Amino acid sequence: MTETPRVRTLILDVDGWPGHRAGQHVDVRLTAEDGYQAERSYSLASAPEDPPALTVERLDDGEVSPYLVEEVVPGDRFELRGPVGGYFVWDADASPEPLLLVAGGSGIVPLMAMLRHRAAAGSTVPAKLLYSSRTYEDVIYRDELEQLDGRGDGLEIVHTLTRAQPPGWTGHAGRVDVDLLREVSFPTERNPRVFVCGPTSFVEAVAEGLVSLGHRPGRIRTERFGGT
Amino acid sequence: MTHLDGNAIAGVLEQLFGRDVTLASGRCTGCGAVREVGAIHVYRSAGIVARCPDCDTVLLRIVETRDRMWLDLRGFSSLQV
Amino acid sequence: MGIISRGFRGRGRGDDSGRLPPGQYVTDDFPVLSAGPTPHTPLDGWTFTVEGGAEPVRWTWEEFRALPTETVTKDIHCVTKWSKFDTDWEGVSVDTLLERVDHDRAYAVAFCDGGYTTNLPVEDLTGGKAWVAFAYDGEPLEPEHGGPARLLVPHLYFWKSAKWVRGLSLRDEDEPGFWETNGYHNYGDPWREQRYWGD
């Protein structure tokens, strides 16, 4: 399913899928006919309550992502290891503290799994998503996020567009900085659990910004995406 | 070259340990810092190298082939799983 | 062999010119692989030292760059299976460096900023087989590729071409380096596919 011009969601049919937790990822391995192999990690986009799905962004100089976004058709197969990664996981029934999610670009994927899980579990834990995208067209899961925001169950979503804003845009513009983080994040006294995901430079800037606002480093979990 | 978080090698570590170790706490032999494996800094080169975010001491090295794996964990003076 | 994914073609391609060692694929990129953060040593603090001879011999950056240089074009082969043909380098031949050292050692360990090491027989560093390279493709070597200077030993897998090299430690006994102590082959000849221990 196409999410944006560069982003596609693949719903997987996995023999013996053990189920997953929101935030986990899988290691995908592709083998070409000549034996060449490439391996990449992708976060599960789906809630644990649903069948496994990956959302992949096509990177211009990528080796695996162009194949997954443009070439793969239903019936195609590849190898998976996982789901893995208990460090970057949120369980609705294990976490009563407020939840702060900060996403840069395709970093939204594991955080979306967490929000989908939160909705499926009927959780009313206070939650905020700060989501940075280049343009309006690049916002992944745009409509679904609007629906989740409108449910009135304690979730607030703030978007910022860094490169261009459409006419009549009432959201933020420009990169996530300390001021925007201060405005959006929960007060540190509420001891939120924080998950930050996206390109390395984004994750580092956001994590530093949050620490400078007084959030304890141990409460901030990061997942940096590499390239290709 | 930039690094990834320890969580990025959750798959290969689980293959080695038979369980998720990203939440295990490890103590760095270089500076004594204690942190979860999921938060160490991971570099991919000829193999996987993970370093302490505070002092860059090599915490672990992993080399994987189709049928063998080598693991050096000496950078951790202890690992609480 | 894993499940073949229909239609997947990786970046690497085969080659039947006879220039590609077994198990390798040709690439046109120059992938950056690193075991740690990129060091940034200012040139006015950079030195190259050969230890283990009658006495240590050291060059500052100016002294090093005043030595005779060579321009070479070589194929390089990484143990992670990519090979790149016809790469252009400029550097000081290790023969030029070792001529100025009084020694009779058989083995060397290259040591680098950031702590990386790799071991080689002196015989594989001499006879026109190795350089300390400071330029790639006509430009000063970029830090992410090992600049200001890296070892270049193209007849062995590229993990032996140590980035950010700062010297050679000559000794009588072989001492396996960073990767050689953790699964990678002690010698590393791509033509005999010596990737791992026991190959």
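A nonpolar core is a set of buried Ala, Val, Leu, Ile, Met, Phe, Trp, Tyr and Cys residues joined through C-beta atoms within 7 Å. The views below come from a predicted model.

**View 1. The largest nonpolar core and its best-connected members.** This core holds 68 residues. A110(C), V132(C) and A133(C) touch the most other members. In soluble globular proteins, nonpolar side chains tend to be buried together.

**View 2. Surroundings of V132(C).** Neighbours within four places in sequence are left aside here. V132(C) then contacts F48(C), G91(C), V92(C) and V94(C). Its other contacts are L97(C), A149(C), L151(C) and V165(C).

**View 3. A second core, separate from the one above.** It comprises 53 residues. Among them are A32(A), A113(A), L155(A) and V206(A).

**View 4. The two domains of chain A.** Domain 1 of chain A is assigned to 2-86, and domain 2 to 87-225. Their C-alpha centres lie 23 Å apart. Domain 1 of chain A gives 20 residues to the contact, and domain 2 of chain A gives 19 residues.

**View 5. The side of domain 1 of chain A that touches domain 2 of chain A.** Strand 1 (2-4) and strand 5 (53-57) of chain A are the elements that each give two or more residues to this side. By class, the side has 7 nonpolar, 9 polar and 4 charged residues.

**View 6. The contact between chain C and chain B.** Here 16 residues of chain C meet 15 residues of chain B. On the side of chain C, 9 residues are nonpolar, 6 are polar and 1 is charged.

Notes:
Residues numbered from 1 in each chain as written. Chains lettered and ligands numbered in written order. Predicted model: local features only at pLDDT ≥ 70, side-chain atom pairs only at ≥ 80, totals over all residues. Domains from an automatic or database assignment. Contact = placed C-beta atoms within 7 Å. Helix = DSSP H or I, 4+ residues; strand = E, 2+ residues; numbered from the N terminus. Nonpolar A, V, L, I, M, F, W, Y, C, P; charged D, E, K, R; others polar. Buried ≥ 20, exposed ≤ 12 C-beta atoms within 10 Å, placed from the backbone.
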